[in-house]
Amino acid sequence: MAWPDKTPPDANEKRTLGKGVFRKCDGCGVTIPADDMVRNFEVCPRCEQHHKLGSEGWQLLLCDDGILDEWDEGLAPTDPLGFSDGRPYLERIQTSQKKSGVREGIQVGRAHLEGRPFAYGCFNFGFMGGSMGSVVGEKITRLFERGAAERLPVVLLQASGGARMQEGILSLMQMAKSVAALERFRATRLPFVSCLLHPTTGGVAASFAFLGDVNVAESKALIGFAGPRVIESTIRQKLPRGFQRAEFLLEHGMVDMVCSRLEMKSRIAVVLGHLCA
Amino acid sequence: MATLVLPFEKPVVELLERVQELEAAALGEPTLAPELAALRVETEKVARELFATLSPIQKVQLSRHANRPYTLDYIGRFVDQWIELKGDRRFAEDESIVAGLGRFDGRSVVIVGHQKGRGTKDNVKRNFGMPNPEGYRKAIRLFEMADRFGLPILTFIDTPGAYPGIGAEERGQSEAIGASIAAMARARVPIIASVIGEGGSGGALALGVANRVLVLELGCYSVISPEGCAAILWKDGTRAEEAAEQLKLTSADLLRLGVVDAIVDEPPGGAHQDHDAAAAKLCAAIRLALAELAPLDGAALVDDRYRRFRRIGSFVEG
Ligand SMILES: [Zn+2]
């Protein structure tokens, strides 16, 4: 197909550049140099608003030199139920892989945190809402198993809408599988630090997320069992301000601390320093 | 006893009512016995045929049937010396989960099960079988007691799901469910879970981490309710029928997927038509499951349970 060539050759470049140079903060609305935002791991330097940080960002933030020796990269989903919501599940997977640039809902591996080797896991919320299906459940299970075998503490960063509907009951069973693996890990007296990022809900919240020896919540993250809309429609009431935010959970005794993304690494390092023999 | 009849079960219910009438008449008139026997055969045949063609959403409706036997109905039929134990020792007693000690097949066991109510008043008291965190914390207390005293655990699953409320979130619904799963995973005693009705998501799984998981023929077990699934996928809760088909939540699906170990068949017309017969069948299935586990010691039981759940899931590795 022939297109009238009206576009100046560098228009695309300009557009990317224009988008790339400045960013408007979702919190204070101030325009911030994009580089500053990236360097600050998507935390606004003026108002500390936390914007979405992808898994590669988290890797850079938490792992020394951003280096991760990834485990079980090759695990890929199948379609055990023959699920379709109009579009087949595997097609949705492919679309999500292209859009997010990652293969599945979690990345795991071995890295160092302030010099200390540890087993690292980080949900990819951009991949189907970080939902937990068979691959995610298996990778978390192996993370705890391998952590125990290699005598590594486990630090898991959660950001997930919950169990993956498209794998039905098999997704639900991943909760039992991963928690059972955590129980075995626990028996080896190695620490598990659970980090609850924005958002952590449903089946991920209701399995390992609150079972950390230490639970760390990211500032203002939405964390809860049921989604706010489900609760609202059940009780037919407006939800109180700040409900299910990290600070609400701290107040109710569900997490040990709430901290900015930028403090997370140093806090975890102190915890591991105390708990690792 | 069929005070509530779903449209599609009507032909079977009518036949069952005729059987009952004839049974009453045959008491004083022995010559009616052959007719009664024939009618029973006919009823069973019609019931089998009809139930073989039920759609997943119809099975979901039957799993929620208001006349279906609940945990206490089973306990009343095959547990002796039942003594209920209440409270989580932290905040409250949650009546949507019943827990206690009893004798099953001559040995003491710990029993924990979801409990729905009959009628509005009872259902309010039972919160429609939807536990708050306190219910799960009571369950954990009992699981740990079972572990300490070496008592087998029987659980009964029948819930639309854990309660989605403000208080439930404030008091840590997520933590309570996760901790209950963990407590079951580490208990050094045999655990048999039976899905007797609705197995609704994490709120069901919190009582489901067992060495053997049984499901009644018309029981369902799902990651999300068909209504909830339809609301998320299509923004249309009325498309539950399609969602029920996609979710693969019937007993036959669950067996095929390796999520349950056995299906316990139900009397003609379903467990809600004959609580005694349903209880007898479930009792026999639990007895069998416990016998299989008898040779295993505490550590072997924990390993057996780990391996059981460890293999569930579907993925490729490349
Ligand atoms: Zn800002």
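**Note on chain B and its contact with chain A**

1. Buried residues account for 52% of the 318 residues in chain B. The model under review is a predicted one.

2. The overall dimensions of chain B deserve comment. Its radius of gyration is 20 Å, which agrees with the value near 20 Å for a compact globule of 318 residues. Along the principal axes, the C-alpha atoms of chain B fill a box of roughly 60 × 50 × 50 Å.

3. Chain B contains 14 helices and nine strands. The domain assignment divides chain B into domain 1 (7–53) and domain 2 (59–310). The C-alpha centres of these two domains of chain B are 32 Å apart. Of the contacts in chain B between residues at least 6 apart in sequence, 71% join residues at least 24 apart.

4. Helix H8 of chain B covers residues 173–186. From first C-alpha to last, H8(B) reaches 20 Å, close to the 20 Å expected for its 14 residues. Because 13 of those 14 residues are buried, H8(B) is largely enclosed by the rest of the structure.

5. Turning to the interface, 51 residues of chain A are in contact with 46 residues of chain B. The elements giving two or more residues to the chain A side are strand S4 (75–77) and helices H5 (134–149), H6 (168–187), H7 (202–209) and H8 (228–235) of chain A. The largest share, 15 residues, comes from H6(A). By character, the residues on this side of chain A divide into 31 nonpolar, 15 polar and five charged.

6. Strand pairing also links the chains: S4(A) and strand S9 (residues 315–317) of chain B run antiparallel, joined by three bridges. Within this pairing, A:Ala76 has B:Val316 of S9(B) as its bridge partner.

Note on methods. Residues numbered from 1 in each chain as written. Chains lettered and ligands numbered in written order. Predicted model: local features only at pLDDT ≥ 70, side-chain atom pairs only at ≥ 80, totals over all residues. Domains from an automatic or database assignment. Helix = DSSP H or I, 4+ residues; strand = E, 2+ residues; numbered from the N terminus. Rg over C-alpha atoms; globule rule 2.2 N^0.38 Å. Buried ≥ 20, exposed ≤ 12 C-beta atoms within 10 Å, placed from the backbone. Contact = placed C-beta atoms within 7 Å. Expected span 1.5 Å × (residues − 1). Nonpolar A, V, L, I, M, F, W, Y, C, P; charged D, E, K, R; others polar. Pairing = 2+ DSSP bridges.
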